[in-house]
Amino acid sequence: MSTVTTPTPAESGGLAPDPAVVARKGSGAKKLPIIFGVISALLAIVLLRSGHTGDTTFQLSAETDFVTLPDIVVPSMLTAWLMVLVCVALTAESVRRMLAHTPQPIWIPIAFALAWMTGFLSWAAADERIRVVSLFAGAVALAIPLIFGALGGVLGERAGVVNIAIDGQLLFGAFAAAIAASTTGSPWAGLVAAAVAGALVALVLGLFAITYLVDQVIVGVVLNVLVIGLTNFLFRQVLTPNAQTLNAPEGFNRLPIPILGEIPLVGPIFFRQTALVYVLYAVVALVAFGLYRTRWGLRVRAVGEHPKAADTVGIKVNLTRYRTILLAGAIAGMGGAYYTLVSVNQFNRELTSGAGYIALAAVIFGKWDPIRATLAALLFGFATNLGGVLSAIGSPVPTQFMLMLPYLVTIFAVAGLVGRSRPPAAVGIPYQQQ
Amino acid sequence: MSDTDKPQPDDKPDAATEAPRTPEVDATEDASAAADPDARSRSLLREIASGDALAGVLAVFLAVFVGSVMIAATNEGVRETATYITARPSDFFNALWEAISGAYSAMFRGAIFNYNLTEPAQQWRPLTETLKFAGPLIAGGLGVGIAFRAGMFNIGGRGQMLMAGGAAGWVGFELDLPTIIHLPLAILVGMVVGALWGGIAGLLKARTGAHEVIVTIMLNYVAYYLLFYALSRQFLLQAPGSANPKSLPMKETAILPKVLGDQFNLHLGFVLALVAVAFAWWLLSRSTLGYRIRAVGENPHAARASGINVGKTYTIVMLIAGSLLGLAGVNQVLGTVTSGVSLDLDASIGFDAITVALLGRSRPFGILAAGLLFGALKAGGFTMQTSENISVDLVLVVQSLIVLFLAAPPLVRAIFRLPAQEAK
């Protein structure tokens, strides 16, 4: 019996649905039309209950655009109702496909989301101006640390190590980046320090979870607390008295990409960012490519799905896990650097305010896939930013419910209400060679 | 009945008193066997002898050592004298001694006994502060620990506390009732709401297999934003005429009374936590439900094969866990901070409760001891911060290190070069 107090049975370890209580539900395809129907009806109810007159302006261009797109002014209620109709049509199409047993293509949910959001915004922002570019650019900005964290989470979990410590890695990365960039005066040094710090947290995670077989969730949670305590302590004792020398990091400057940055709509959102964000694009591509198209990725996934089989064919399971979580920690750590080198530009107590847990939500909502997790993180960033934008224009929608959204959809996702999230088979289970 | 009362001679250590031995035996009968006092004391002896206890002591020692290093490394005097350590080492060691002994004596003054004061009541006041801090930690620790015993990890303490605190707070400031009804009602409402919030995770696990770790983490944030919403709407919790997310203060009739007179802050919450310990002990060691909980925790498949409804057990366990964390939330709102419900009412107890449960090894009396220890660290930490200017966050570091080291006895053995323990 393990000396740790959790009698979690090994066979249901990790974050997999517990096989002891499994009550399998139907496939996700049947749920899609239901979900569509429900949220279309929600919008319709909102419109009926609190309709108001006025126009909504969608501003498509940033002020500095080379090619300016014209503003679009639409009557609020009419547009909103029109979009409800589009949603209903898409729901009908989805129902038809369900009845005909044909697969639901990806464009249906995307089109549905766009239509719903347009309708919702034109209702919520009646007589106001929606700056589309800043709405999306803000979403991307909020999503960047989440994406770094989610990629770290995906990598670790694909190798079979639950990474609850994403938040700790972000926070320690932010802390290290602030100090390194302040002392050297170079943001790149800060970025490297952040990666090292994230990897360090991952190393401790590995030491306990892989070598000493401690329950991975427990180690993760305790590590988060440890990093919070450590950084708070050092912030108060060391950083605050020496704020000028240790906590005034040289941040990354905005670095627009010449041609891409001029594309209307897309340019200002994605290509007028800092170097750190371009690093992120590369990391997303590399992780996605590496995980599915290289021998390394195959090994990582093998170790996470069936470590025994991997061991049998000569893959060193625990070494692979160590390497992967170190890399994952480094990636998550770089996400922390975004706070101290780009968005906040100095370290503060509990700077990440639990972003690591949203990143974890993105990992699960993204079904342990790097691209989907990235999209999930973007979605969560969008929900957060939309909450801020709506409250700024005095919309009747309570911000708190927008902020709640990432967590709610994750609960729905793990409960199998919105598709089923299936984690890697061996995630959370330490491997011991027989 | 009679033959199940006796412990079997070939019991395996530790697991024996905890694990259901023979699933086919009727649950009600076997529950009494698990609590045989003889078997208990013998297993305790074995546990000490096996060296686990030693590893525990060393884990605490190691964590305190790391804490001391952190104190020393960030102390001005120590760093100054370190620059000329080869010339005058005595200066360095004096500074080192002063920094570390100063920190720990401040902690002692803040947590147990303040020898700088003369009046006995004031001297012992820190101890009552320790008990005050320990109350919610114990209640919360029990909530996490009972879930552990069923093989579930309840990270949702924060959310359960927030929901319970919000609900109990509403009863506390909104209703006009005599104390005899008002206070119990507020406590009850808080615990019920906490239970329901925890129960969501149990129910989802039972019905869909959704992992409780994910669900409880997410529910923490959902609860936070729900409370935030309620605290920014005057028809819900926000104080009238206020723009801050804070409610009205509690009415006198809903406040947990001080148990040692008005000069001490210690309130009834600590007593309630002790009652909860007794209840948890009875539940786990004496009741049929406790037997089921432990059976599910040891092996859900075997439990199901022996006729236990695993899903139902998960749900009930999370209801109980939620109600205990709810008690911790109630304790905060109606006892420790009665000036009104706020978003930080949980005071990170929801997460501290996890470390308390781990340190207490999910046993009710272990959690009591761990809660007292962490309560003392908390009370002492504040004194350390004010009198020695050492951040109270050091306590967080020491706490988490204790738990980490405790979780990996082989690591502690390796550090102290103890002989490796034989596999059990």
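The mean pLDDT of chain A, the predictor's confidence in each residue on a scale from 0 to 100, is 84, and 90% of the residues score at least 70. Over residues 1-14 of chain A the pLDDT falls below 50, yet this stretch has 39 contacts in the model beyond near neighbours in sequence. Two residues are in contact if their C-beta atoms, placed from the backbone, lie within 7 Å. Residues 19-28 of chain A also stay under 50 in pLDDT, with 20 contacts beyond four places in sequence.

The model is predicted: local features need pLDDT of at least 70, side-chain atom pairs count only at pLDDT 80 or more, and totals for chains, interfaces and linings use all residues. Residues are numbered from 1 along each chain as its sequence is written, while chains are lettered from A and ligands numbered from 1 in the order in which they are written.

**Overall form**

Chain A contains 16 helices and three strands; these are DSSP runs numbered from the N terminus, with helices (H or I) of at least four residues and strands (E) of at least two. The radius of gyration of chain A is 23 Å, which agrees with the value near 22 Å for a compact globule of 434 residues. This radius is taken over C-alpha atoms, and the globule rule is 2.2 Å times the number of residues to the power 0.38. Along the principal axes, the C-alpha atoms fill a box of roughly 65 × 60 × 40 Å.

Of the 434 residues of chain A, 53% count as buried. A residue is buried if 20 or more other C-beta atoms, placed from the backbone, lie within 10 Å of its own, exposed if 12 or fewer, and partly exposed in between. Among contacts between residues at least 6 apart in sequence, 76% join residues at least 24 apart.

Chain A is divided into domain 1 (28-127) and domain 2 (146-392), with bounds from an automatic or database domain assignment. The C-alpha centres of these two domains lie 33 Å apart.

**Two residues with positive phi**

Most residues other than glycine have a negative phi, and most peptide bonds are trans. Two residues of chain A with a positive phi are listed below.

| Residue | Phi | Loop in chain A |
|---|---|---|
| Ser353(A) | near 40° | between helix H13 (317-343) and helix H14 (355-365) |
| Trp368(A) | about 60° | between H14 and helix H15 (370-392) |

Ser353(A) counts as partly exposed because it has 13 C-beta neighbours inside 10 Å. Trp368(A) is buried, since 23 other C-beta atoms lie within 10 Å.
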